[in-house]
Amino acid sequence: MFWDSTYILVIIGAVLCLLAQSGVTTTYARYSRVQSRNHMTGAQAAQRILQANGIYDVRIEHVSGNLTDHYDPKNRVLRLSDSVYGSTSVAAIGVAAHECGHALQHHRGYLPLQFRTMLYPVANIGSQLCWPLILAGIMFSYTFVEIGIFMFCAVVLFQIITLPVEFNASSRALRILGDSGMLYEDEVKSTRKVLRAAALTYVASVASAVLQLLRLLLLFGNRRDND
């Protein structure tokens, strides 16, 4: 199963993810050295965006790590990482605004975000059980393989629906930063490059997951045909 011609699909997916991650790391590092002329920190920018849009029930918290920023819709918490929370760079403000974009999606009932939130428990279970089930199917019954592949499909679907959610959050962030005057035009252009690089990591993840699913279908589709 693991060492055959279809393994090239896994390698391609891994290379795409590595290139995308390298791109976002390099781009963020570059623009994290460019200080915004308004001298606001990421946390201050996030607070201003939320309040300007009538969102007063979302807490802003500091979370450890680098680019571990995320919005938690269940607890209504916007968490900003070490490299964003207290930084005054255009990169930090862009990332903070992006996470605010998710809070705005939640506040306004953005359907793709609602669907992703509902799908998350299924995708989470699927990511944990799909491979054990496939391995069990190899040893015992093909039925387990089919269930495992079905659960992996939920993981792929979750990653696909994540794309419009992330793209929309970035679009909201850039529009807010420009229209509000929080960043100057040239600073918004720099921020756009950071968010575009971040978006490519999601595209790469989707491509990797789809290639992995294709590999499973090729492998076990052939086995079913041979049985």
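Seven helices and three strands make up this protein chain, and the model you are looking at is a predicted one. If you walk along the sequence, the elements come in the order α-α-β-β-β-α-α-α-α-α. To get a feel for the dimensions, picture a box of roughly 65 × 35 × 25 Å along the principal axes, which the C-alpha atoms of the chain fill. The chain has 227 residues, and 47% of them count as buried.

**The largest pocket**

A good place to look next is the largest pocket, with a volume of about 1,100 Å³. Its lining takes in 38 residues, and those closest to the centre are Asp-69, His-70, Arg-116, Glu-166 and Tyr-202. Several elements share the job of lining this pocket: α1, β2 (70–72), α4 (90–107), α5 (111–139), α6 (142–180) and α7 (185–226) each bring at least two residues. Which helix gives the largest share of the lining? That is α7, with eight residues. Sorted by class, the lining of the largest pocket holds 17 nonpolar, 14 polar and seven charged residues.

**Salt bridges**

Across the whole structure, a search turns up six salt bridges. Here are three of the pairs, with the distance from N to O:

| Pair | N to O distance |
|---|---|
| Arg-37 and Asp-186 | 2.9 Å |
| Asp-57 and Arg-76 | 2.9 Å |
| Arg-116 and Glu-166 | 3.5 Å |

Start with the salt bridge between Arg-37 and Asp-186. Arg-37 sits in the loop between α1 and α2 (42–52) while Asp-186 belongs to helix α7, so this pair ties together parts that are 149 residues apart in sequence. Are these two partners buried or exposed? Arg-37 is partly exposed, because its relative accessible area is 46%, and Asp-186 also counts as partly exposed, at 42% relative accessibility.

Now take the salt bridge of Asp-57 and Arg-76. Asp-57 is found in the loop between α2 and β1 (59–62), and Arg-76 in the loop between β2 and β3 (77–80), so the pair ties together parts that are 19 residues apart in sequence. Asp-57 has 46% relative accessibility and therefore counts as partly exposed.

The third pair in the table brings us back to the pocket. Arg-116 and Glu-166 meet through their side chains in a salt bridge, and they link distant parts of the chain, with Arg-116 in helix α5 and Glu-166 in helix α6, 50 residues apart. Both Arg-116 and Glu-166 are buried. Besides such pairs there is also a network: Arg-59, Glu-61, Asp-72 and Arg-79 are joined into one by salt bridges that share partners.

**A nonpolar patch on the surface**

Last, have a look at the start of the chain. Which residues make a nonpolar surface patch of about 500 Å²? They are Ile-8, Ile-11, Ile-12, Val-15, Leu-16 and Leu-19. Take Ile-12 as an example: this residue is located in helix α1, which runs over residues 7–31. Why can Ile-12 be called partly exposed? Its relative accessible area is 39%, and partly exposed covers the range between under 20%, which is buried, and over 50%, which is exposed. Helix α1 has a part in the pocket as well, as one of the elements that supply at least two residues of the lining of the largest pocket.

Key. Residues are numbered from 1 along each chain as its sequence is written. This is a predicted model: local features need pLDDT of at least 70, side-chain atom pairs count only at pLDDT 80 or more; totals for chains, interfaces and linings use all residues. Side-chain values use heavy atoms; hydrogens and water are left out. Patches are made of residues with over 30% relative accessible area and no salt bridge: like charges are joined within 9 Å, nonpolar side chains (Val, Leu, Ile, Met, Phe, Trp, Tyr) within 5 Å. Accessible areas come from the Shrake-Rupley method with a 1.4 Å probe; for residues, only the protein chains shown count as cover. A salt bridge is a side-chain nitrogen of Lys or Arg within 4 Å of a carboxyl oxygen of Asp or Glu. Helices (H or I, at least four residues) and strands (E, at least two) are DSSP runs, numbered from the N terminus. Buried means under 20% relative accessible area, exposed over 50%, partly exposed in between (1.4 Å probe, protein chains only). On a 1 Å grid over the protein atoms alone, a cavity is a set of points where a 1.4 Å probe fits but cannot get out, and a pocket is an open set with protein on both sides within 12 Å along at least five of seven lines; lining residues have an atom within 4 Å of a point. Grid points are joined across faces, edges and corners, and a volume is the space filled by probe spheres set on the points. Ala, Val, Leu, Ile, Met, Phe, Trp, Tyr, Cys and Pro count as nonpolar, Asp, Glu, Lys and Arg as charged, and the others, Gly among them, as polar.
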